[in-house]
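Here is a friendly walk through one protein model, written for someone who works at the bench. Keep the structure open beside the text and look up each residue as it comes along.

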Amino acid sequence: MGSPVTGAEGTPLAAASSTSPGLRPPTRRSTELFMLAFAATLVTGALILVEANQEQELSLQILWLGLAYLGLLTVAHLAVRKWAPYADPVIMPCVALLNGLGLVMIHRIDLAMADVKLPGNQVWSPAAPKQVLWTAIALALFCIVLKVLSDHRTLARYGYTAGLLGLVALVLPGVLPSFIAPEINGAKIWLSFGAFSIQPGEFAKILLMVFFAAFLVSKRDLFTIAGRRVVGLDLPRARDLGPLIAAWAVGVSIMVLQKDLGSSLLFFGIVLVLLYVATERAAWVVLGVMMFCVGAVVAWKLFGHVQIRVQNWLDPFADPTGTGYQIVQSLFGLGTGGLFGAGLGGGRPDQIPEANTDFITAVIGEELGFVGLAAVLLIYTVFAMRGLRTALSVRDTFGKLLGGGLAFAVAFQIFIVVGGVTKLIPMTGITAPFLSKGGSSLLANYILVALLLRISDAARAPKTTPKPRPQQPAIADQFTVMVERPK
């Protein structure tokens, strides 16, 4: 096994990265600007295709959506250039393209649902304008984080505070009464205050990543001490299992109290990855996966809502018009899309419940096909790889753990979403980052991107060496000067 991750004093990779400065800010700015312009061109073209295929005409709404998206991209670019000039030039264009494609698909679903008769003569409320508003608020928060947080290492001082706030935010919907934390679509993960609602779990994952990164930096030696060796694995000592048991208990409680398998799996996966990155010991991952599987089996035996999720995963066609209806329609949509899709505006997203949130990737698969969905997943892959590259390049250990956790969180979340839509794993109910409709998801994920860009800026900025002081000549080399005594 290799040695655990350390700072620039003990990590050859970190030392090597510190000697290779990043791109100069002018080159970096032009690279990001070019890719943002490319993303804006793709999104504008997609909006035109949706309107032309669905409505057979172009409306003024497409002009409003396009200009709003372009304006938000401009603000994001200027903010990154001002407050993080050395940050990775690929991360922000990936986010912008995903957000723009999500806006296109939400607008597409609005057009389809406008012709559908809803129960009780209800009128479909368009979600695309609200998504633009939430994007604007999220970008404002993004700019505030970049402006206020000049050094990501400051967060390490508030690790335990972040952990406490994250734990409270994570479990709060499960313990509050239904009039504050209602059960929506089988999951109890929302806090509702009249017309306003928020999903605190989206922010809890960031707070808990800050806590675990700070905790593992300060207590790294505790986790690197090996216990007994079993089947070729150096298992940790029993007294060192406290944090892992606590994370397991929180994950199982989320599954039981909030009926939310996705958040439980996401939270526990992030903890395991941070443990592995900090210690480079596979025993933590193996032990953690075994503990989660045992907890999931126990929850499946004891709780009815978990049994329904598993049954729909194993055989959704057993109840195709009831509990399995959503996953059945998703599979039919993906099958209809085939390799190249039915084309933007050519699918039937109105047949899939919650198409603009949990199952937006199924709509993408139907209208853009396997090729289009694979391209979207490739954008997520590029984002995750650049984030992990940032984690490898940054010089401090806290930045390595936090950057790696942030990048992995986005990649693992989209894996859980697509896995549920394609019946690879049970349906989870969490949203696709930057694609799905939802204010809480956008706000939290733009904070995540701001933190990742701040770490990237610190990693790629050239090292500033202090100017050497002018050396004074030795006394032996000084000339002797005869001074005449004044009369």
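## Buried, exposed and in between

A residue counts as buried when its relative accessible area is under 20%, as exposed when that area is over 50%, and as partly exposed in between. Arginine 348, at 46% relative accessibility, is therefore partly exposed. Please keep in mind that this is a predicted model.

## The chain as a whole

Let us start with the overall picture. The protein chain has 16 helices and 4 strands. Of its 487 residues, 49% are buried. The chain exposes about 23,500 Å², and carbon and sulfur atoms supply 68% of that area.

Contacts across the sequence are worth a look too. Among contacts in the chain with a separation of 6 or more, 76% join residues that are 24 or more positions apart.

## Two helices side by side

How do the axes of α3 and α5 (residues 128–148) cross? They come within 10 Å of each other and cross at roughly 10 degrees. Angles under 35 degrees count as roughly parallel, so α3 and α5 are roughly parallel to each other. On the α3 side, the contact includes Gln61, Trp64, Leu65, Ala68 and Leu72, along with Trp83. On the α5 side, the residues include Ala128, Pro129, Val132, Phe142 and Cys143, along with Lys147.

## Salt bridges

Side chains of opposite charge can pair when their charged atoms come close. The structure holds 7 salt bridges, and three of them are described here.

Aspartate 88 pairs with arginine 386, with the closest N and O atoms 2.9 Å apart. Aspartate 88 sits in the loop between α3 (60–83) and α4 (91–113), while arginine 386 belongs to helix α14, so this pair ties together parts that are 298 residues apart in sequence. Both aspartate 88 and arginine 386 are buried.

Glutamate 202 and lysine 205 also meet in a salt bridge, at 3.4 Å from N to O. These two are 3 residues apart in helix α7 (residues 200–218), so about one helical turn separates them. Glutamate 202 is buried, with a relative accessible area of 5%, and lysine 205 counts as buried at 8%. Arginine 348, the partly exposed residue from the start, forms a salt bridge with aspartate 350 at 3.0 Å, again N to O.

## Helix α14, inside and out

Helix α14 spans residues 360–393 and includes phenylalanine 370. Is phenylalanine 370 buried or exposed? It is exposed, because its relative accessible area is 55% and the cut-off for exposed is over 50%. Phenylalanine 370 also joins Leu339, Phe340 and Val371 in a nonpolar surface patch of about 450 Å².

Glutamate 366 is found in helix α14 as well, but this residue counts as buried at 5% relative accessibility. Leaving out residues up to four places away in sequence, glutamate 366 touches Gly333, Thr336, Gly337, Gly341, Ala342, Gly347, Arg348, Pro349 and Ile352. Arg348 in that list is the salt-bridge partner of aspartate 350. Glutamate 366 and phenylalanine 332 are 34 residues apart in sequence, and their C-alpha atoms are 8.6 Å apart in space.

## The loop between α15 and α16

Most residues other than glycine have a negative phi. Which phi does lysine 423 have? Lysine 423 has a positive phi of about 70 degrees, although it is not a glycine. Phenylalanine 434, also not a glycine, has a positive phi of about 70 degrees too.

Lysine 423 lies in the loop between α15 (397–421) and α16 (439–460), and phenylalanine 434 is found in the loop between α15 and α16 as well. Lysine 423 is partly exposed, with a relative accessible area of 29%, whereas phenylalanine 434 is buried, with a relative accessible area of 1%.

## A serine in helix α16

Serine 441 is found in helix α16 and is buried, with a relative accessible area of 5%. Which residues does serine 441 contact, leaving aside neighbours within four places in sequence? They are Glu202 and Thr431. Glutamate 202 is also the residue that meets lysine 205 in a salt bridge.

Methods: Residues are numbered from 1 along each chain as its sequence is written. This is a predicted model: local features need pLDDT of at least 70, side-chain atom pairs count only at pLDDT 80 or more; totals for chains, interfaces and linings use all residues. Side-chain values use heavy atoms; hydrogens and water are left out. Patches are made of residues with over 30% relative accessible area and no salt bridge: like charges are joined within 9 Å, nonpolar side chains (Val, Leu, Ile, Met, Phe, Trp, Tyr) within 5 Å. Accessible areas come from the Shrake-Rupley method with a 1.4 Å probe; for residues, only the protein chains shown count as cover. A salt bridge is a side-chain nitrogen of Lys or Arg within 4 Å of a carboxyl oxygen of Asp or Glu. Buried means under 20% relative accessible area, exposed over 50%, partly exposed in between (1.4 Å probe, protein chains only). Axes are lines fitted to C-alpha atoms, for helices over the stretch in contact, and angles run from 0 to 180 degrees between N-to-C directions. Angles under 35 degrees count as roughly parallel, over 145 as roughly antiparallel, 65 to 115 as roughly perpendicular and the rest as oblique. Contact means heavy atoms within 4.5 Å.
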